[in-house]
Amino acid sequence: MNERPVHPFPYSDRSEAGRVLGAALRKYRGTPGLLVLGLPRGGVPVAAEVATALDAALDVVVVRKVGHPRQAELAAGAVAEAAGESVAVWNDDVVRHWLDTEPASAQAELDAVAAAERAELLRRSENYRPRLPPQQVYGRTVLVVDDGLATGATMRAALAAVRGLDPAWLVAAAPMSCGPASLAAGPADDVVVPWDNSRLASVGQAYRVFGQTSDAEVRKTLGLN
């Protein structure tokens, strides 16, 4: 189910976007064992506001976009990790075009980029969840939160990783989307996006302030500093 617009845009920053998203998710407040998982880095400050609004537990599901070597902002896919298991999700159209136009080199380049992102995935997981046990997801209602959806690849990878842990109900949530195609959220039972605007070229255009979120900020938000 997609929520309709409830707020004038753009958002001022991720904190405001999280408060708006929290209001859009208010039907989940009071759900026993409710868990909010933010996608580092930029999804974590949004998820923190959602968790506060819903009085829910906050954690992360680590995910990395696999960018095209010739066009880093174009997602060929994404890899995600939850409870020590990694999952890859691919944008089939992008990968197919890449393989068709550069058959001699594309597969090796794709494998190399994916391997590098998996290594970064492991580094971030160790950084954001040091010495912590795996998330207890089984049987819970889980909200997976990012700061926006463009191709949707990172969200789909995160959802696939979390779905493998057998939640009772799985929700994809973000303050904005760049168009209906990005809402193909795979295994989500519910999709909540307060603002869908296909005229935007990127997630950052929905925000007045959209700086990089640092590892230190993520750790602080998670109470690790």
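This passage walks through a predicted model of one protein chain, from its overall make-up to one crossover and one aromatic cluster.

A good place to begin is the chain as a whole. The protein chain has 225 residues, and 52% of them count as buried. Its secondary structure comes to six helices and 10 strands. Among contacts between residues at least 6 apart in sequence, 65% join residues at least 24 apart.

The next stop is a pair of strands and the helix that links them. Strand β1 (residues 35-38) and strand β2 (residues 57-60) run parallel and are joined by four bridges. One of the residues involved is L35, whose bridge partner in β2 is A57. Between the two strands the chain passes through helix α2 (residues 43-54), and the resulting β-α-β crossover is right-handed. As general background, side chains in a regular strand alternate between the two faces of the sheet.

Helix α2 itself rewards a closer look. With 12 residues at 1.5 Å a residue, α2 should span 16 Å, and this agrees with its end C-alpha atoms, which are 16 Å apart. The helix is mostly covered, as nine of its 12 residues are buried. Among them are G43, V44, P45 and V46 towards the start of the list, along with A47, A48, V50, A51 and L54. In general, an α-helix has 3.6 residues a turn, so residues three or four places apart point the same way. The cover over the buried residues of α2 includes both strands of the crossover, β1 and β2, together with α1, β6 (141-145) and α6. Just after the helix, D55 takes a positive phi of about 55 degrees.

The aromatic residues give a second view of how the chain is put together. The structure holds two aromatic pairs. In one of them, Y11 and Y207 are tilted, with 40 degrees between the planes and 5.6 Å from centre to centre. Y11 belongs to the segment before α1 (14-24), while Y207 lies in the loop between β10 (195-196) and α6 (215-221), so the pair ties together parts that are 196 residues apart in sequence. Both of these tyrosines, Y11 and Y207, are buried.

The picture widens with F210, since ring pairs link Y11, Y207 and F210 into a cluster. A charge joins the scene here too: the charged end of R14 sits over the ring of F210, 4.2 Å from the ring centre.

Key: Residues are numbered from 1 along each chain as its sequence is written. This is a predicted model: local features need pLDDT of at least 70, side-chain atom pairs count only at pLDDT 80 or more; totals for chains, interfaces and linings use all residues. Side-chain values use heavy atoms; hydrogens and water are left out. Two strands pair if DSSP finds at least two bridges between them. A crossover is right-handed if, with the strands pointing away from the viewer, the path from the first strand over the helix to the second runs clockwise. Rings of Phe, Tyr and Trp (its six-membered ring) pair if their centres lie within 6.5 Å; planes under 30 degrees apart count as stacked, over 60 as edge-to-face and the rest as tilted. Buried means under 20% relative accessible area, exposed over 50%, partly exposed in between (1.4 Å probe, protein chains only). A charge sits over a ring if NZ of Lys or CZ of Arg is within 6 Å of the ring centre and within 35 degrees of the ring normal. The expected span of a helix is 1.5 Å times one less than its number of residues. Contact means heavy atoms within 4.5 Å.
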